[in-house]
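Biologist: I should like to go through this model term by term. Please set each value against its definition.

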Amino acid sequence: MKQEQINNTRDDRVESPLISAKELNEVLGKSNVKIFDVRGTWGTNPRSLRNDYFLGHIPGAVFLDWTKEFIEQDIVPNLAQVSSFEEAKQSFKNLGINKGDVVILYDEDHHMFAGRIWWAMRYWGFEDIRVLNGGFKYWKSQDLPISQEIPEVTLGTFEPICQEYLRVSLAGFLIEKNKACVLDGRGSVGYNGKPEDPRTGHIPGAISAAYNTIVDKKTGLFQEKEKIITLFDSTIPNWRTTKIISSCGAGYSGTVVMLALSSIGIQSSLFDESFSVWKQDPSRPVEQSY
């Protein structure tokens, strides 16, 4: 895509991908509103947090296991890609999602699991989907209702339709990376790398857009829109006029960057393989910034 064809100017007409705790509380119980608890953890033992869900969740929420839905199976999570058409169709069915539903997602880890599912559902053609701003952490802080009731799920009928523009494959990334703005959503430690391990760091040319600078650590809320714009203006050259490809370690924190961009009306794509796949080939260079 030629640079002159791209215009990332903010568009306030675009509906935010985020929903506030107050807004969600007002629509609890509506039949077409499907709420999903996507709590999980990364680190040395990536897993879903189903037991936390059983201890208490937003009323009406169904548990969505990020290790099983909308993700390749039988592959370690840091190398697994978005699911196939048939797998996505089965996930929509399992979760009871139909055309005309409104889907709300939340987690308790900087929106990276909810963000990943938000991206994956959109990639497979489901558009009316929002992420709870602040996640379960903020919901609890506002003394909003919590339930231990497990809702029944009726099988869904939504038919996936791939939206290829939302994903950049490794082959596509090798072609596009030098004419795009590549943002790395990991924290500074992952981005900078470790001197003792030359295969840590980041993809050459990728600019740090750390998820923990976009999300307030204390509240769990995304920064205000104008603050996000100011942050990007001060740290990311040409982000307003160049195609944006979001990346990270494995395709999770990069979706937090995509949520922030979408909240200010800017579309981006995800390099799904991200750094975990990139570094597997020793012929592909790695940069460090420690």
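Modeller: The structure holds 1 cavity of 30 Å³ or more. This is a predicted model, in which local features need pLDDT of at least 70, side-chain atom pairs count only at pLDDT 80 or more, and totals for chains, interfaces and linings use all residues. Residues are numbered from 1 along each chain as its sequence is written, and side-chain values use heavy atoms, with hydrogens and water left out.

Biologist: What makes a space a cavity, as opposed to a pocket?

Modeller: On a 1 Å grid over the protein atoms alone, a cavity is a set of points where a 1.4 Å probe fits but cannot get out, whereas a pocket is an open set with protein on both sides within 12 Å along at least five of seven lines. The largest cavity has about 30 Å³ of space, and the largest pocket about 660 Å³; a volume is the space filled by probe spheres set on the points, which are joined across faces, edges and corners.

Biologist: Which residues line the largest cavity?

Modeller: Trp118, Arg122, Met258, Ser262, Ile266, Gln267 and Ser268 do; lining residues have an atom within 4 Å of a point. By class, 3 are nonpolar, 3 polar and 1 charged.

Biologist: Which residues lie closest to the centre of the largest pocket?

Modeller: Of its 24 lining residues, these are Trp42, Arg186, Gly190, Gly249 and Ala250. The lining has 8 nonpolar, 12 polar and 4 charged residues. Gly counts as polar by definition.

Biologist: Why is strand β2 called mostly covered?

Modeller: Buried means under 20% relative accessible area, with a 1.4 Å probe and protein chains only. In β2 (residues 33–37), 5 of its 5 residues are buried, with Val33, Ile35 and Asp37 on one side and Lys34 and Phe36 on the other. A strand here is a DSSP run of E with at least two residues.

Biologist: How do you know that β2 pairs with β6?

Modeller: Two strands pair if DSSP finds at least two bridges between them. β2 and β6 run parallel and are joined by 5 bridges, so the condition is met. Lys34 has Val103 as its bridge partner in β6.

Biologist: What makes a set of residues a nonpolar core?

Modeller: Its members are buried Ala, Val, Leu, Ile, Met, Phe, Trp, Tyr and Cys residues joined through side-chain atoms within 4.5 Å. The largest such core has 55 residues, and Phe36, Ile97, Leu105, Trp119, Met121 and Trp239 have the most contacts inside it. Its largest share, 9 residues, comes from α4.

Conventions: Buried < 20%, exposed > 50% of the residue type's maximum accessible area, 1.4 Å probe, protein only. Helix = DSSP H or I, 4+ residues; strand = E, 2+ residues; numbered from the N terminus.
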